[in-house]
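Visitor: I should like to learn how the features of a structural model are read. May we take them one at a time?

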Amino acid sequence: MPAGEDASVWQVLLIAAGDALVVILTFLVMFMGVGQLSAEAGLNAVQTALMTSLTVAAPAQAAAMQILGNEAVASAAWAAGVVAVIIVNLRFIVMVASILSRLPETSFWRGLGGVGLISASSFAVILPRLMDDPPPRPILYCGLVGLMCSSSAVIGAVAGHQLAASVPVLVGASLGAMIPIYFATLIAKQRKKRPLMLNAFFGALLVPFAAPFMGSFALLVLPLAVAAISMLVDQRQDKGA
């Protein structure tokens with residue numbers, strides 16, 4: 001495979017599609033459940049597509065749909081949904097920083113094209129590739145992976161919205177149940193990376209215990225705390241080496 005800037009767009013596209021295939025296929029199915037929840041919450045197809053393209057986060061969208069579908073908080077539903085999306089999307093700061101540090105220096109707009117459509121799933125695809133076997137034209141590669149993953153999420157969500165009336169509720173619930181299985185699979189693929197596996201293990205172990213006391217904040221606070229402790233341990237090991 002040609003290296004560096006000598007590779008064609010088509011060659012980079014094939015590499016990106018091969019890496020992102022599991023995410024694309026899963027998103028097409030998984031986000032159908034999000035689309036069904038969106039229809040039940042009263043959103044139309046355009047609103048569903050827009051929300052999905054701005055978040056590409058099935059758990060966050062499912063939580064937002066519950067807020068929007070709750071008549072008791074209807075007056076503040078959209079404000080609560082926007083705040084939830086902003087908080088959830090803060091995690092992208094760390095993801096973008098991790099990817100940009102491994103990309104060649106470039107202009108603002110090219111960098112934005114490379115990481116502008118990043119999601120947790122495309123990040124899980126891109127970062128190992130950049131660390132282990134950097135692809136040719138890495139900025140283009142990152143942009144294509146993000147585009148394909150986000151596009152498949154939007155297509156799946158709109159399809160689920162349009163089919164909501166004909167899809168049994170049990171099927172929609174089953175699609176939602178794929179979310180934790182899917183992310184567990186993504187993490188398991190990185191089994192060679194010991195720090196990542198340890199972080200995932202302790203996060204999965206601690207969040208259920210803390211949830212009764214911290215509520216939904218456990219999902220935000222504990223993973224950040226585990227990551228911070230992991231970074232401190234790594235820094236001490238590097239200094240001691």
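**Reading the model**

Guide: Let us begin with a loop: Arg-137 is found between helix 7 (120-132) and helix 8 (138-162). Please keep in mind that this is a predicted model.

Visitor: What is the phi of Arg-137 near?

Guide: The phi angle of Arg-137 is near 50°, a positive value in a residue other than glycine. Arg-137 counts as partly exposed, because its relative accessibility is 23%.

Visitor: How is confidence read, and which element has the highest mean pLDDT?

Guide: The mean pLDDT of the protein is 77, and 66% of its residues reach 70 or more. Among the elements, helix 8 has the highest mean, at 93, whereas helix 9 (residues 169-188) has the lowest, at 60.

Visitor: How many residues does helix 8 have, and how far does it reach from its first C-alpha to its last?

Guide: Helix 8 has 25 residues and reaches 36 Å between those two atoms, close to the 36 Å expected at 1.5 Å a residue. As to its surroundings, 18 of the 25 residues are buried, so helix 8 is largely enclosed by the rest of the structure.

Visitor: Is Ser-152 buried or exposed?

Guide: Ser-152, which lies in helix 8, counts as buried because its relative accessibility is 4%, and buried means under 20%. Leaving aside neighbours within four places in sequence, Ser-152 is in contact with Val-23, Ile-24, Phe-27 and Leu-28.

Visitor: How should one read a nonpolar core, and how many residues has the largest one here?

Guide: In soluble globular proteins, nonpolar side chains tend to be buried together. In this model the largest nonpolar core has 32 residues, and those with the most contacts inside it are Phe-27, Ile-99, Ile-126, Tyr-141 and Val-145. The elements that give two or more residues to this core are helix 1 (9-40), helix 5 (91-100), helix 7 and helix 8. Helix 1 gives the most, with 10 residues.

Visitor: Which residues does Tyr-141 touch, not counting those up to four places away in sequence?

Guide: Tyr-141 touches Val-12, Ile-15, Ala-16, Asp-19, Val-125, Ile-126, Arg-129, Pro-135 and Pro-136. One of these, Ile-126, is also among the residues with the most contacts inside the largest core.

Visitor: How are aromatic pairs described, and how many are there?

Guide: A pair of aromatic rings is described by the distance of the centres and the angle of the planes. The count here comes to 2 aromatic pairs. Phe-27 and Phe-31 form an edge-to-face pair, with 4.9 Å centre to centre and 70° between the planes. Phe-108 and Trp-109 also form an edge-to-face pair, at 5.0 Å centre to centre and 80° between the planes.

Visitor: Where do Phe-27 and Phe-31 lie?

Guide: An α-helix has 3.6 residues a turn, so residues three or four places apart point the same way. Phe-27 and Phe-31 both lie in helix 1, 4 residues apart, about one turn of the helix. Phe-27 is buried, and so is Phe-31.

Visitor: Are Phe-108 and Trp-109 buried or exposed?

Guide: Phe-108 counts as exposed, at 59% relative accessibility. Trp-109 is exposed as well, with a relative accessible area of 65%.

Visitor: Where does Ser-101 lie, and what lies 2.8 Å from a polar atom of its side chain?

Guide: Ser-101 lies in the loop between helix 5 and helix 6 (108-115), and counts as exposed at 56% relative accessibility. The backbone oxygen of Ser-98 lies 2.8 Å from a polar atom of the Ser-101 side chain.

How values were computed. Residues numbered from 1 in each chain as written. Heavy atoms only, no water. Buried < 20%, exposed > 50% of the residue type's maximum accessible area, 1.4 Å probe, protein only. Expected span 1.5 Å × (residues − 1). pLDDT = per-residue confidence, 0-100. Core = buried A, V, L, I, M, F, W, Y, C linked by side-chain atoms within 4.5 Å. Contact = heavy atoms within 4.5 Å. Phe/Tyr/Trp six-rings, centres within 6.5 Å; stacked < 30°, edge-to-face > 60°. Polar contact = N/O pair within 3.5 Å; in protein donor to acceptor, adjacent residues only side chain to side chain.
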